Amino acid sequence: MKIRSKLAWTYIILLVIGIITISAYSILTIRSFLLEEGEQQFERDVRSLALTTSSFKNDDQFDEKIRRQAELSRYEMAVYDKDGVRFLTFPDEAFGGVQAYLNNNLMEELERSDGTPIIQNSEESQKLIAYVDLEESDNTAQYLRVSQDKSEYYAAAASIRHIIYAGMFFSIGAVIIVSFLFARYIAAPILRLNSAALDIARGNLDRKIDLKRNDEFGTLADSLNHMASTLRADNKKLKMLNEKQSQFFADITHEVRNPLHTISGALEMLELEKLPPEKKKQYMNTAQKQIKRVARLFEDIKTLQRYDFDESFINRRKIDLKELVKEAEHAYQPIAQKKGLELVTRNITSCKVNADPDKLEQVLDNLISNAIKYTLEGRVTIGLEKKDEVVEVYVEDTGPGIGKEHLDRLFDRFYRTDKARSRDKGGTGLGLSVVKGILNAHQSDIKVESKVGKGSRFYFTLPISA
Ligand code: ADP
């Protein structure tokens with residue numbers, strides 16, 4: 001059953017039960033009130049008839065007066081003498097089955113009643129009957145019997161009942177129509193929301209629900225719109241991530257294929273029997289260099305993967321940057337000297353930061369090794385600059401510099417300004433993305449300032465720890 005029908009039938013059943021209960025209660029209350037009122041009126045009328053009857057003179061007009069009285073009051077009347085024998089009836093046909101005299105018990109009862117009418121209203125009887133003792137009467141009449149068909153007596157209650165029945169049926173009809181219309185009004189937004197939710201579930205994320213209602217349905221529509229827009233954004237992100245991942249794997253394949261080619265070529269050459277020893281050494285060197293490059297590539301990929309999927313991959317502790325920089329300077333001094341470069345440090349004083357020492361060492365390694373790798377002559381400077389509560393760490397060189405057009409994508413994975421030159425120098429194209437990943441995990445970021453032909457300055461900041 002549809003929600004609309006369920007709602008409609010629920011309203012109808014509840015309202016019909018309500019209407020029937022109220023109507024039944026009203027009918028019973030009004031009926032008993034009217035019957036009680038009717039009986040009291042009957043008694044009053046009987047008293048009045050008794051009074052009038054007893055005042056009539058015993059002349060030849062007597063019968064006519066009684067007849068007129070019965071006619072005017074619309075009651076059936078029978079008059080009895082002091083022995084309880086009936087001598088007048090109006091209308092005659094109403095008394096066909098009624099005894100022509102009063103029984104002794106009733107007469108005794110009437111004598112004791114002091115003129116108060118005795119009313120008989122038994123269930124079996126079709127009539128409401130009253131007997132009254134006329135006491136001191138001016139004529140031969142001593143007892144009066146007044147009766148009325150119960151149908152007349154019930155007439156007011158019956159007509160009220162009919163009015164209530166009519167009202168009840170009219171209300172039920174109205175309730176059925178209004179309930180269906182109301183259920184339709186209530187169910188309409190549910191149906192619209194349902195079809196929109198189904199649409200969204202099927203992937204139509206551009207679907208917008210425009211309910212323009214200030215109630216809970218309006219709020220629900222807003223929530224669904226919000227959900228769809230979040231899903232849209234997530235979908236976009238997922239698509240981008242997917243594209244990035246595919247690009248990443250394509251780049252890895254490409255990066256691995258080159259050194260493998262070189263290694264396989266070197267191995268083929270080494271298989272030649274007549275190869276002079278110095279050539280042999282050269283091919284061995286080439287193979288070893290490429291193997292190292294592949295190893296470094298996988299090491300970098302591993303770091304980046306952990307950065308992507310494990311937010312807590314850094315283990316922070318309090319370290320002194322002075323020691324870290326000194327160690328790096330020590331490690332890279334021979335390499336720089338071999339290349340004829342000057343490696344200097346500037347303003348290296350004790351400075352405590354809360355960071356992962358191994359990861360920070362890797363950051364310095366990548367920046368210093370790049371600076372030495374790409375600088376042909378001049379100087380590489382490693383320095384610290386304290387600014388209020390942070391310290392800036394920089395690696396500066398007098399190398400070729402980087403063109404403005406590369407700066408936006410410099411930290412992207414596998415991005416190189418000059419692919420051939422980078423590979424030539426054993427670069428993986430991942431060094432700077434690893435630096436960025438590590439610094440981001442430290443809530444910091446890597447920045448670069450560079451002038452083509454003058455050199456580059458890579459720098460980042462860390463909060464000083466007391
Ligand atoms: P690679 O392994 O190729 O060095 P990186 O991610 O470390 O990869 O660097 C990306 C690119 O940025 C390099 O290929 C190089 O073109 C450029 N680059 C990095 N550092 C410097 C530098 N100090 N001077 C000039 N170019 C640089």
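Reader: Which strands do the buried residues of H3 pack against?

Author: In this predicted model, the buried residues of H3 pack against S3, S4 and S5. The buried residues of helix H3, which spans residues 104-112, are Leu106, Met107 and Leu110.

Reader: What makes Leu106, Met107 and Leu110 lie on the same side of H3?

Author: Around the axis of H3 they cover an arc of only 100°, and this puts them on the same side of the helix. As a general point, an α-helix has 3.6 residues a turn, so residues three or four places apart point the same way. The face of H3 turned away from its buried side carries the exposed residues Asn104, Asn105, Glu111 and Arg112.

Reader: Why are S2 and S3 called the edge strands?

Author: Strand S2 (86-90) and strand S3 (118-120) are given that name for the way they pair, each of them on one side only. The open sheet has 5 strands in the order S2-S1-S5-S4-S3, with antiparallel pairing, and its twist averages 15° from one strand to the next.

Reader: How do you know that S1 and S2 pair?

Author: Two strands count as a pair if there are at least two bridges between them, and strand S1 (residues 76-80) and S2 are joined in the antiparallel sense over 4 bridges, so the requirement is met. Within this pairing, Val79 stands opposite Leu88 in S2. Helix H2 (residues 62-73) packs on the sheet as well, where it touches S1 and S2, and its direction makes about 40° with that of S2.

Reader: Why is the pair of Tyr11 and Phe182 called tilted?

Author: The centres of two rings must lie within 6.5 Å for a pair, and those of Tyr11 and Phe182 are 5.3 Å apart. Planes under 30 degrees apart would count as stacked and planes over 60 as edge-to-face; the planes here are at 50°, so the pair falls among the rest, which are called tilted. Tyr11 is in helix H1 and Phe182 in helix H4 (residues 150-201), 171 residues apart.

Reader: Why is Tyr11 called partly exposed?

Author: Buried means under 20% relative accessible area and exposed means over 50%; the value for Tyr11 is 24%, so Tyr11 belongs in between. Phe182, with 38%, is likewise partly exposed.

Reader: How do you know that Arg413 lies over the face of Phe248?

Author: One requirement is that CZ of Arg is within 6 Å of the ring centre, and Arg413 is at 5.2 Å from the ring centre of Phe248. Its position over the face, which also depends on the direction of the ring normal, is found for this residue.

Note on methods:
Residues numbered from 1 in each chain as written. Predicted model: local features only at pLDDT ≥ 70, side-chain atom pairs only at ≥ 80, totals over all residues. Heavy atoms only, no water. Helix = DSSP H or I, 4+ residues; strand = E, 2+ residues; numbered from the N terminus. Axes fitted to C-alpha atoms, helices over the stretch in contact; angles between N-to-C directions. Contact = heavy atoms within 4.5 Å. Buried < 20%, exposed > 50% of the residue type's maximum accessible area, 1.4 Å probe, protein only. Arc of directions from axis to C-beta. Phe/Tyr/Trp six-rings, centres within 6.5 Å; stacked < 30°, edge-to-face > 60°. Lys NZ or Arg CZ within 6 Å of the ring centre and 35° of its normal.
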